[in-house]
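Take a moment to turn this one around on your screen before reading on. We'll go from a metal site to the overall build, and then on to a pocket.

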Amino acid sequence: MFTLIELPYKSLAPVISDQTLAFHHGKHLQTYVDNLNKLIAGTEFEGMGLEGIVRKAPAGGVFNNAGQILNHNLYFTQFMTPSVILSEAKNLPTGNLAKQIAKQWGSIDSFKAEFEAKGTGLFGSGWVWLQANAEGELSIGQYANADNPVAHGLKPLLTFDVWEHAYYLDYQNRRAAHLAALWQIVNWEIIENRYND
Ligand code: MN
């Protein structure tokens, strides 16, 4: 049985409104959890972890719902309340991750520009990810619908949800503005831990 994760904060406003957060977490993610529990009951997937299901399930309902839970769990747990940070300019990665980003992109700003462009340019619904291979090399991946780096043998580090349900109440059609605002609430310590893990 999968259950809805608890959020490690009370609010992400004004970057993400409380209304969007409540619908996104309490309705959209809850629905994926309920759907997956129904779909896997009595099947070979019952008792497996999300990553295992995503690696093994064929295209279809089990993959889609497990993928969406995995994606949202990583998405919701990578943020922090904006009041605890000073500004986007001071909210930056550190350590090994910062070094690797600088090595591959030259600067954090170049990295952010490519990440935002790939999120904005993803046609339809999906996710943009910062991901790492077994050698620790980074790349930015665009994935449609519920797909994710785990299904492709890569380590998921940071993700922005570009499904309209993630931003439409707050930003309407302005996906690029929404993605640009998210840097203010990224908890880089979490991303760094995922990279070093
Ligand atoms: Mn979503």
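## A question to start with

Does H24 count as buried or exposed? With a relative accessibility of 2%, H24 counts as buried, since the cut-off for that label is anything under 20%. Keep in mind that this is a predicted model.

## The manganese site

H24 is a good place to begin, as its NE2 atom is one of the protein donors of the manganese ion. The others are H72 (NE2), D161 (OD) and H165 (NE2), and the donors lie 1.9 to 2.1 Å from the ion. Read along the chain, they follow the spacing H-x47-H-x88-D-x3-H.

That spacing hints at a long-range link: H24 sits in helix α1 (residues 18–40) and D161 in strand β3, 137 residues apart, so this pair connects distant parts of the chain. How buried is D161? Its relative accessible area is 0%, so D161 is buried as well.

## The overall build

Stepping back, the protein has eight helices and three strands. Starting at the N terminus, the order is α-α-α-α-α-β-β-β-α-α-α, which puts the three strands between a run of five helices and a run of three.

As for size, the C-alpha trace spans about 50 × 40 × 30 Å along its principal axes. A compact globule of 197 residues would have a radius of gyration near 16 Å, and the protein agrees with that at 16 Å. Of those 197 residues, 49% count as buried.

## A glycine in strand β2

Have a look at G141, which is found in strand β2 (residues 138–144). G141 has 6% relative accessibility and therefore counts as buried. Its C-alpha atom is 9.1 Å from that of G119, and the two are 22 residues apart along the chain.

## The largest pocket

Now for some empty space. The largest pocket has a volume of about 160 Å³. Two or more of its lining residues come from each of α2 (50–56), β3 (155–161) and α8 (188–196). Strand β3 may ring a bell, because D161 of the manganese site is in it.

Which residues line the largest pocket? They are E51, R55, L74, V150, G153, L154, K155, P156, N193, R194 and D197. By class, that makes four nonpolar, two polar and five charged residues.

Why does the largest pocket lie between domain 1 (18–76) and domain 2 (82–196)? Both domains give residues to its lining, so that is where it lies.

Conventions:
Residues are numbered from 1 along each chain as its sequence is written. This is a predicted model: local features need pLDDT of at least 70, side-chain atom pairs count only at pLDDT 80 or more; totals for chains, interfaces and linings use all residues. Side-chain values use heavy atoms; hydrogens and water are left out. On a 1 Å grid over the protein atoms alone, a cavity is a set of points where a 1.4 Å probe fits but cannot get out, and a pocket is an open set with protein on both sides within 12 Å along at least five of seven lines; lining residues have an atom within 4 Å of a point. Grid points are joined across faces, edges and corners, and a volume is the space filled by probe spheres set on the points. Helices (H or I, at least four residues) and strands (E, at least two) are DSSP runs, numbered from the N terminus. Ala, Val, Leu, Ile, Met, Phe, Trp, Tyr, Cys and Pro count as nonpolar, Asp, Glu, Lys and Arg as charged, and the others, Gly among them, as polar. Domain bounds come from an automatic or database domain assignment. Donors are N, O and S atoms within 2.8 Å of the metal (3.2 Å for Na, K and Ca); water is not among the atoms, so sites may look incomplete. Buried means under 20% relative accessible area, exposed over 50%, partly exposed in between (1.4 Å probe, protein chains only). The radius of gyration is taken over C-alpha atoms; the globule rule is 2.2 Å times the number of residues to the power 0.38.
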